[in-house]
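Visitor: Can you walk me through this one? I'm new to reading structures.
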Amino acid sequence: MNELSPIADAIRHYKLNADGGYEEWSKVPCTHTYRMHVPSQGFDVQGAAEVEEVIFGWLSEQGAKQTLLDIVELGDNVTCFLKIENADGTEIFMTEVFQILDGAVNEIWAL
């Protein structure tokens, strides 16, 4: 993993400490109306309260554990390559793309 901007480093820190849940995620600077899209689950949420309830609620229900495989920053985008393992041992490989606006996360696509 190469040297990263402060926002990309904050995302990396969260991903390396994702077992801290929403409390760790809340340390990453985000716009007030940031959105997260997870098409495979039908999630399209906006703002911290919805992300905490829907996304982190789902991760908790699944017993999901994230492993950061790589992180790449290119311009105003940060891409994380992840392995997610559910409580039943199912592994999912996922890519998350974070759009950055003025040093804060504005939009996230989990693909």
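Guide: A definition to begin with: contact means heavy atoms within 4.5 Å. Helices (H or I, at least four residues) and strands (E, at least two) are DSSP runs, numbered from the N terminus. This is a predicted model, where local features need pLDDT of at least 70, side-chain atom pairs count only at pLDDT 80 or more, and totals for chains, interfaces and linings use all residues. Residues are numbered from 1 along each chain as its sequence is written, and side-chain values use heavy atoms, leaving out hydrogens and water.

Visitor: What do the buried residues of H1 pack against?
Guide: Their partners are helices H2 (21-25) and H3 (47-62), plus strands E3 (65-74), E4 (77-85), E5 (91-101) and E6 (104-110).

Visitor: And which residues in H1 are buried?
Guide: Ile7, Ala8, Ile11, Tyr14 and Lys15 are buried (under 20% relative accessible area, 1.4 Å probe, protein chains only). They sit on the same side of H1, because they cover an arc of only 120 degrees around the axis (taken from the directions from the axis to the C-beta atoms).

Visitor: New topic. What is the strand order in the sheet?
Guide: The open sheet of six strands runs E2-E1-E6-E5-E4-E3, with mixed pairing (strands pair if DSSP finds at least two bridges between them). E2 (43-46) and E3 are at the edges with a single partner strand each, so one side of each has no neighbour in the sheet.

Visitor: How do E3 and E4 pair?
Guide: They pair in the antiparallel sense over nine bridges. Val72 stands opposite Thr79 in E4, and Leu74 has Asn77 as its bridge partner.

Visitor: What about the hairpin between them?
Guide: Two residues lie between the strands, and Gly75 takes a positive phi near 60 degrees.

Note on methods
Buried < 20%, exposed > 50% of the residue type's maximum accessible area, 1.4 Å probe, protein only.
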